[in-house]
Amino acid sequence: MTCSRAIGRLLWRRVYSLAATAASIPDRLPWRIVSAICVQRLPIVTKPKSSLEIAVDELKWKQAEEVSVLSDWEMNEKAKEERRRREEAREADENEEESERATAEEDEDEIREL
């Protein structure tokens, strides 16, 4: 007989004896609910994860944690901050293009003056 079967039988005997005792108790006493479970987890043999699998697992964990921890207000604030950063980056790109155009125009003026 394996260990898990022996433990299971002992648990069932205990539950049965408690149920028999509960049946003999008069109706005026409160109910007692008794439950038992025996779980046996078998080992799982797997190969070690690759660096890509580890990175993906970490990313999924981070995303799940962010969604579960942040409230709606925090999520909205985060989205607003991201939009503001994108707009600033876009404005910086436009300013850089304008400065390049001004430089090109200045170069053309210098060439004409010569």
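Helices are runs of at least four residues assigned H or I by DSSP, and they are numbered from the N terminus. With this convention, the position of A36 can be stated: the residue is found in the loop between α1 and α2. The model in which it appears is a predicted one, and the description below should be read accordingly.

The overall plan of the chain comes next. Its secondary structure consists of three helices and zero strands, and the order of the elements from the N terminus on is α-α-α. Helix α1 covers residues 3–24 and helix α2 covers residues 51–69, while helix α3 covers residues 72–113. Of the 114 residues of the chain, 2% count as buried. The accessible surface comes to about 11500 Å², and 55% of this area belongs to carbon and sulfur atoms.

The confidence of the prediction varies along the chain. The average pLDDT is 77, and 69% of the residues score at least 70. Among the elements, helix α2 has the highest mean pLDDT, at 88, whereas helix α1 has the lowest, at 65. Where pLDDT is low, the predicted coordinates should not be read in detail.

The loop residue A36 deserves a second look. Its relative accessible area is 43%, so A36 is classed as partly exposed; the class lies between the cut-offs of 20% for buried and 50% for exposed. In sequence, A36 and R14 are 22 residues apart, and their C-alpha atoms are 9.2 Å apart in space.

Attention now turns to charged side chains. Side chains of opposite charge can pair when their charged atoms come close. A search of the whole structure finds seven salt bridges. A network of such bridges links E81, E82, R84, R85, R86 and E88.

Within this network, E81 has more than one partner to consider. One is R84, whose side chain meets that of E81 with an N to O distance of 2.2 Å. Both residues lie in helix α3, three residues apart, which is about one turn of the helix. Another is R85, where the closest N and O atoms of the salt bridge with E81 are 3.7 Å apart. Because R85 and E81 are four residues apart in helix α3, about one helical turn separates them. As for accessibility, E81 counts as partly exposed because its relative value is 27%. R84 is also partly exposed, at 38%, and R85 is partly exposed, at 47%.

A further pairing in the network joins E82 and R86, whose side chains meet in a salt bridge with an N to O distance of 4.0 Å. These two residues are four apart in helix α3, and therefore about one helical turn lies between them. E82 is partly exposed, with 34% relative accessibility, and R86 falls into the class of partly exposed residues at 46%.

Helix α3 also holds D107, a residue that belongs to a group of like charges. A negative surface patch is formed by E105, E106, D107, E108, D109, E110 and E113. The relative accessibility of D107 is 39%, so this residue counts as partly exposed. A patch of this kind takes in residues with over 30% relative accessible area and no salt bridge, so the value of 39% for D107 meets the area cut-off.

Note on methods: Residues are numbered from 1 along each chain as its sequence is written. This is a predicted model: local features need pLDDT of at least 70, side-chain atom pairs count only at pLDDT 80 or more; totals for chains, interfaces and linings use all residues. Side-chain values use heavy atoms; hydrogens and water are left out. Patches are made of residues with over 30% relative accessible area and no salt bridge: like charges are joined within 9 Å, nonpolar side chains (Val, Leu, Ile, Met, Phe, Trp, Tyr) within 5 Å. Accessible areas come from the Shrake-Rupley method with a 1.4 Å probe; for residues, only the protein chains shown count as cover. Lys and Arg count as positive and Asp and Glu as negative; His and the chain ends are not counted. The place of a charge is taken as NZ of Lys, CZ of Arg, CG of Asp or CD of Glu. Buried means under 20% relative accessible area, exposed over 50%, partly exposed in between (1.4 Å probe, protein chains only). pLDDT is the predictor's confidence in each residue, from 0 to 100.
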